[in-house]
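Please walk me through this model in the viewer, one selection at a time. I would like to know what to pick next and what I will find there.

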Amino acid sequence: MKFLIVAGSPKSLIGFRKDFIKALISKGLTIHVAAPSLLTEKNITKELSSLGVIPHNIIMQRTGINPWNDFKSLLSIWCLNRKVKPDYIMGYTIKPVIYGSLAAWFAGVPKRNALITGLGYAFQSGDSNKRNLVKKVAYWLYKISLSKCETIFFQNPDDERLFRTLGILTENSHTVVVNGSGINLELYPFTTIILHKHPKFLFIGRLLGDKGVRDYAEAARLVKLKYPKVVFNLIGRIDINPDAISQNELNKWVSEGSVNYYGELHDVKPQITESSVFVLPSYREGTPRAVLEAMSMGRAIITTDAPGCRETVVDGENGFLVPISSPEALACAMIRFIEKPELIIEMGRKSREIAELKYDVHKVNKKMLERMGL
């Protein structure tokens with residue numbers, strides 16, 4: 001039995017899907033994985049090959065809606081399916097889901113699955129002509145491709161509900177809501193919470209507007225007016241997404257002293273260990289992986305009362321929920337931790353408890369495999 005996983009990014013296969021791949025291998029399946037330019041990522045292909053996984057290149061541009069480029073993606077994945085002849089396929093993120101599912105249907109793959117890990121740019125609010133066009137195309141393509149899937153996995157109930165409201169899903173669509181991608185509790189162990197004299201807040205994520213990075217920088221500026229020695233660290237890369245912040249914006253935040261910027265780090269565990277509170281003021285997520293990493297390591301969380309984010313925090317127990325796009329509310333939540341540092345320890349311990357109960361990667365993967373008949 002062969003299982004093909006289609007991804008939009010080579011790094012995500014190790015960063016987000018390694019434990020899922022291991023779970024599939026434990027069931028005796030031969031695993032093939034595909035992503036754009038995967039074979040040029042020698043470290044990633046070496047690690048995949050060490051697990052017995054067979055890597056493949058596909059043609060795909062992660063962003064943009066160019067009909068010719070997207071047709072080439074569809075054709076590339078169809079050719080791969082004809083070559084590999086998998087029994088199962090699963091794509092995740094928008095283009096692998098859409099073109100992976102359609103290509104698999106055209107190629108006659110019997111078991112077609114999709115994992116909706118978040119909705120991204122196409123589902124964010126906005127009234128520009130470009131964004132409206134992207135929305136219409138995305139909705140139409142999702143509706144066609146998901147109708148060809150046997151099982152559709154969502155990472156939070158809000159996304160599943162939205163797809164039904166928009167008519168993307170049919171009455172016969174078989175959907176399953178899982179607790180994100182899960183987190184490996186052993187790889188992200190609980191670490192002692194250090195009560196720094198001046199608390200250290202931490203943001204990890206792609207530097208996009210809809211990740212709330214601008215709100216984080218503005219909240220940092222507001223807090224520093226009252227508590228100038230509090231630390232605000234920022235980790236992540238500037239993205240090619242249309243909603244990405246500019247290098248000039250980032251340079252301004254750093255030069256003004258609002259944030260300390262560390263770029264994109266391969267291993268974020270040392271930074272989480274040094275932090276007091278993890279912050280992700282995102283506008284919408286599947287389930288934010290960085291939040292799960294911080295919870296597993298025992299850090300209190302500030303995030304938004306938004307789809308995918310609100311599931312990670314019991315407000316007042318392991319952190320605080322704040323409104324979307326409200327630097328003022330975000331700053332107030334930060335100040336609560338500054339003025340009551342005992343909350344950092346209490347809520348951090350509660351985060352670890354929730355991670356163990358709800359987000360253990362082995363529990364998440366078990367549910368997914370069961371629903372796929374594996």
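A residue counts as buried when its relative accessible area is under 20%, and as exposed when that area is over 50%. Keep in mind on this tour that the model is predicted.

**Stop one: helix H3.** Select residues 42–50, which form helix H3; Ile 44, Thr 45 and Leu 48 are buried there. These three cover an arc of only 95 degrees around the axis, so they sit on the same side of H3. Now turn the helix around: the face directed away from the buried side carries Lys 42, Asn 43, Lys 46 and Ser 50, which are exposed. To see what covers the buried residues, add helix H1 (10–15), helix H2 (18–26), strand E2 (30–36) and strand E3 (54–58), which are among the covering elements. Before leaving, click on Gly 52, just after H3, where phi is positive at about 90 degrees.

**Stop two: the open sheet.** Next, show the six strands in the order E10-E9-E8-E11-E12-E13, an open sheet with parallel pairing. Its edges are strand E10 (260–261) and strand E13 (319–322), each pairing on one side only. Zoom in on strand E8 (residues 200–204) beside strand E9 (residues 231–235): the two are joined in the parallel sense by five bridges. Lys 200 stands opposite Val 231 in E9.

**Stop three: helices across the sheet.** Add helix H8 (residues 213–226), which lies across E8, E9 and strand E11 (277–280) and runs at about 165 degrees to E9. Then bring in helix H11 (residues 289–296), lying across E8, E11 and strand E12 (300–304), at about 170 degrees to E11.

**Stop four: helix H13.** Select residues 342–358. The 17 residues of helix H13 reach 25 Å from first C-alpha to last, close to the expected 24 Å. Which residues of H13 are buried? Colour Leu 343, Ile 344, Met 347, Gly 348, Ser 351, Arg 352, Ile 354 and Ala 355. Seen down the axis of H13, they fall within an arc of 165 degrees and therefore line one face of the helix. On the other side of H13 you will find Arg 349 and Leu 357 exposed. The cover over the buried residues of H13 includes E11, H11, E12, E13 and helix H12 (327–339).

**Last stop: the cysteines.** How many disulfides does the structure hold? There are zero. Cys 149 is in none, with the nearest cysteine sulfur, that of Cys 79, 20 Å away. Cys 149 is also buried, at a relative accessible area of 12%. Finish at Cys 332, whose sulfur is 19 Å from the closest cysteine sulfur, in Cys 309, too far for a bond.

Methods:
Residues numbered from 1 in each chain as written. Predicted model: local features only at pLDDT ≥ 70, side-chain atom pairs only at ≥ 80, totals over all residues. Heavy atoms only, no water. Disulfide = S-S within 2.5 Å. Buried < 20%, exposed > 50% of the residue type's maximum accessible area, 1.4 Å probe, protein only. Pairing = 2+ DSSP bridges. Helix = DSSP H or I, 4+ residues; strand = E, 2+ residues; numbered from the N terminus. Contact = heavy atoms within 4.5 Å. Axes fitted to C-alpha atoms, helices over the stretch in contact; angles between N-to-C directions. Expected span 1.5 Å × (residues − 1). Arc of directions from axis to C-beta.
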